[in-house]
Amino acid sequence: KVCFCDTNGELGTKTLSELQSKYGEGNAMFQTCDVSLQQPMENLFKKVKETFGCLDIVCNNAGIGGEVYPLWEKTIDVNLKGTTRGTLLALEHMRTDKGGKGGVIINISSAAGLNVNPLSPVYSATKAGIIALTRSLAMNSEVKSAGVRLNVVCPAFVDTDLIKEINDDNCLDVQKASKFIEMIGVVSKEVVVDCFMELVRDVNQNGAVVKCSKMDGTQYTSIEVKPVT
Ligand SMILES: NC(=O)c1ccc[n+]([C@@H]2O[C@H](COP(=O)([O-])OP(=O)(O)OC[C@H]3O[C@@H](n4cnc5c(N)ncnc54)[C@H](O)[C@@H]3O)[C@@H](O)[C@H]2O)c1
Ligand SMILES: CCCCC[C@H](O)CC\C=C/C=C/C=C/[C@@H](O)[C@@H](O)CCCC(=O)O
């Protein structure tokens, strides 16, 4: 069973029909929802719990690029605040000490958050924040004992609308970006999905941050964690 949300109602409804005809009407749900808004997101999580009984896997995937005002501010609202909101709501619903059944949260960051991205600094900062948020929660002892795992996927360039829509608002130099993308290469969506599914299945990878790139393949990054006493 799956529920997904997006601000794009038309595309969401089309995808919902495809999922329902493949997996059955009762097994897929779509809600138009903006991840940057608290109340609609709270309502959505409640509705999923009421409809499906519990939440096992949550993926915070919504993301945009924007480097020029007011888009840079919206980029922080959607990417960093939206992912933080989705992560904290997922935790509330999953943690065993609050009536949940445990589960896994997988957040979508970017190679631009692991390395740097001089052509999209605000985007890069939001993606670095997602990595820090996710890793920190994954290493929190109360979260661990409440049965919730967290991981981050950091794709380099992927064949989606996001890179087809690079322009002067979301990138500081479109020409340099095109050359850079050509140099690094673009992975298919399937590569990112495989990486996501591996993290869902592997219960021994709590806290792992995985990069998927055409140039370097799929790599687990190492994380140093100093124990807090
Ligand atoms: N495409 C890439 O090269 C690439 C690389 C690294 C990371 N990513 C990340 O992957 C994730 C998915 O992006 P994508 O490449 O599929 O791009 P995309 O533009 O195809 O998909 C992003 C989706 O997010 C939705 N969205 C935007 N704002 C929203 C909001 N406020 N609330 C709810 N939904 C919202 C959009 O309508 C769209 O359907 C993003 O977090 C992106 O930053 C993409
Ligand atoms: C140069 C890109 C400018 C466009 C930015 C858009 O707003 C959205 C960018 C989406 C993904 C960006 C990923 C960027 C990654 C790079 O900074 C770099 O770290 C990738 C390295 C890839 C590798 O190591 O294989």
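I began with K127 and looked up its contact with ligand 1: in this predicted model, a polar side-chain atom of K127 lies 2.9 Å from an oxygen atom of the ligand.

I then asked how much of ligand 1 the protein covers, and found that 84% of the 830 Å² of accessible area that the ligand has on its own is covered. For the elements behind this shell, I noted that α5 (121-138) and α7 (161-164) are the ones that give two or more residues to it, and that the largest share, three residues, comes from α7.

Next I turned to the backbone, where a N or O atom of V35 lies 3.0 Å from a nitrogen atom of ligand 1, while a backbone N or O atom of T7 lies 3.5 Å from a nitrogen atom of the ligand.

I listed the surroundings as a whole: there are 24 residues around ligand 1, and D6, N61, Y123, V158 and T160 come nearest. Sorted by class, the shell has 13 nonpolar, seven polar and four charged residues.

Where does ligand 1 lie with respect to domain 1 and domain 2? I found that domain 1 (1-32) and domain 2 (44-220) both give residues to the shell, so the ligand lies between them.

Last, I checked helix α3, residues 71-94, against its expected length: at 1.5 Å a residue, its 24 residues should span 34 Å, and the end C-alpha atoms are 33 Å apart, which agrees. I also recorded that α3 bends by about 30° at K81.

Notes: Residues numbered from 1 in each chain as written. Chains lettered and ligands numbered in written order. Predicted model: local features only at pLDDT ≥ 70, side-chain atom pairs only at ≥ 80, totals over all residues. Heavy atoms only, no water. Near = heavy atom within 4 Å. Polar contact = N/O pair within 3.5 Å; in protein donor to acceptor, adjacent residues only side chain to side chain. Areas by Shrake-Rupley, 256 points an atom, 1.4 Å probe, with all protein chains shown as cover. Helix = DSSP H or I, 4+ residues; strand = E, 2+ residues; numbered from the N terminus. Nonpolar A, V, L, I, M, F, W, Y, C, P; charged D, E, K, R; others polar. Domains from an automatic or database assignment. Expected span 1.5 Å × (residues − 1). Bend = angle between axes of the 7 residues up to and from the residue.
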